[in-house]
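I opened the model today to look up its strand pairing and a few backbone oddities. My notes follow.

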Amino acid sequence: MKLPFLPEAASALASKVDALLVAVTLMTGIVALAVVVLIIVFALKYRHGADVPRDRAPEPIQRRIRRRMEIAWVAVPLLLFIAVFGWGATLYFDHAAPPADALEIFVVAKQWMWKLQHVTGQREIDELHVPSGIPVKLVMTSQDAIHSYFVPAFRVKQDVLPGRYTVLWFTATRPGEYHLFCAEYCGTDHSRMIGKVVVLEPAAFQRWLEVNNAEPAMATRGESLFRQLGCSGCHGAHAAVRAPPLEGLYGRQVPLKGGRTAIADDRYLRDSILLPHKEIAAGYDPVMPSFAGQISDPELLDLIAYIKSLATKEPPP
Ligand code: CUA
C-alpha cells in the first residue's frame, strides 16, 4: 500500500513501521480534533449574551461526575500509551538483531562518500547492490566524522561511527532503485553524501556478482595483508613468538588477563589489532605492537574477514 506523504515501502520492516505511524497519527489526530471541536462548540454556545444556563450543577452530582471523569482521563490514555509502547517495543526488539544467516556487506563512510564491499570482493562507491527477499546485514564504520546510513524506502537508519562497528539490516522486498542518504551532519558536503541502493532479484544479483568479480575476496586480500604486515611471524603455525592462535578464534569466548572474557567478534579483533594492550588474552604476554595508523579501515575489514575464515579451522596443537 502506498500512503500519501510517505516514501515507497520496499522492505519487510517498512509496512510495519508505517502501520504504527498511522495508528499513532490517527490516535493523536482524533484527540486533537475532539479538543478543537469542543472549543468551537463551547465558544459558540456560551458566547457573550447567549441565553444558556450558567448555574453550577448541585454539589453531590458534581462530585460523582468529577470522580468518574478523573478516573477516565487517567485510565484511558494510560492504556492507549501502554498499547503504543508495547507495539513499538515489539517492533524494535523484532528488528534489533539481524538473522544469523544474513548476507554480510561492509560499509566504510568517509567525507563524503560511501565505500561498500562485498565479502566476495566486489567494491562499490555510493551504490549498493543487494538481492531481494534475503536479509542483508551492513557492518559499518567511519574513517572520520559521524555519518548516518539512511534508506527511507526501507525505513532504516543507523549512525556510522569512527572507531567502532555498527550494524544495520533489512530485507528488501521489491527490485528497484532506492535513495541512500547521509542523515548526520558531517561537514561541507554532507548534503551531497548520497547514493542509491539497487535491489535485484536473487538470480540477477548472482549475475551482477559474477560480472563484477575483478577483485579477490576480502578474506584473500586479508591473507596477503596478514603476511605483508608480518602478523604471520607471531600468529603463524611455525612462529617463534608465542601468540594466540587465530584458527577457530572467531565467535568464541576468549578468557582475558584479569579473569574477564570477551567474545571474539569484529569489535574484539579490531581493538586487538589497533589497541592490543586493551584486552590481553589470558596466558600471553602483552608484546603485540599496535597497528594503529598503519592500516586503513577497509584493510582492517579484510584482515578480520581473513581471521573469520579461519573460524572453522582447528588450532595447531
Ligand atoms: Cu556523512 Cu553527513
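I began with S4 and strand S10 (residues 195-200), which pair in the parallel sense over 5 bridges. This is a predicted model, so I kept that in mind throughout. I checked one position in the pair: Glu127 stands opposite Lys196 in S10.

Next I looked at what covers this pair. Helix H3 (residues 202-211) packs on the sheet and touches S4 and S10. I noted that the direction of H3 makes about 130° with that of S4.

Then I traced the whole sheet. I read the order as S4-S10-S9-S6-S7, an open sheet of 5 strands with mixed pairing. Which strands sit at the edges? I found strand S4 (127-131) and strand S7 (156-160), each pairing on one side only. From one strand to the next, the twist averages 25°.

I turned to the backbone. A loop precedes S4, running from strand S3 (123-125), and Asp126 lies in it. Asp126 is not glycine, yet its phi is positive, near 55°. I looked up its exposure too: Asp126 counts as partly exposed, because its relative accessibility is 22% and the band starts at 20%.

I found a second case in the loop between strand S6 (147-151) and S7, where Arg155 lies. Phi of Arg155 is near 60°, again positive in a residue other than glycine. Is Arg155 buried or exposed? Arg155 is buried, because its relative accessible area is 16% and the cut-off is under 20%.

Last, I checked omega. Gln111 and Trp112 are joined by a cis peptide bond, with omega about 0°. I placed Trp112 in the loop between strand S1 (103-110) and strand S2 (113-118).

Definitions and conventions: Residues are numbered from 1 along each chain as its sequence is written. This is a predicted model: local features need pLDDT of at least 70, side-chain atom pairs count only at pLDDT 80 or more; totals for chains, interfaces and linings use all residues. Side-chain values use heavy atoms; hydrogens and water are left out. Two strands pair if DSSP finds at least two bridges between them. Helices (H or I, at least four residues) and strands (E, at least two) are DSSP runs, numbered from the N terminus. Axes are lines fitted to C-alpha atoms, for helices over the stretch in contact, and angles run from 0 to 180 degrees between N-to-C directions. Contact means heavy atoms within 4.5 Å. Buried means under 20% relative accessible area, exposed over 50%, partly exposed in between (1.4 Å probe, protein chains only).
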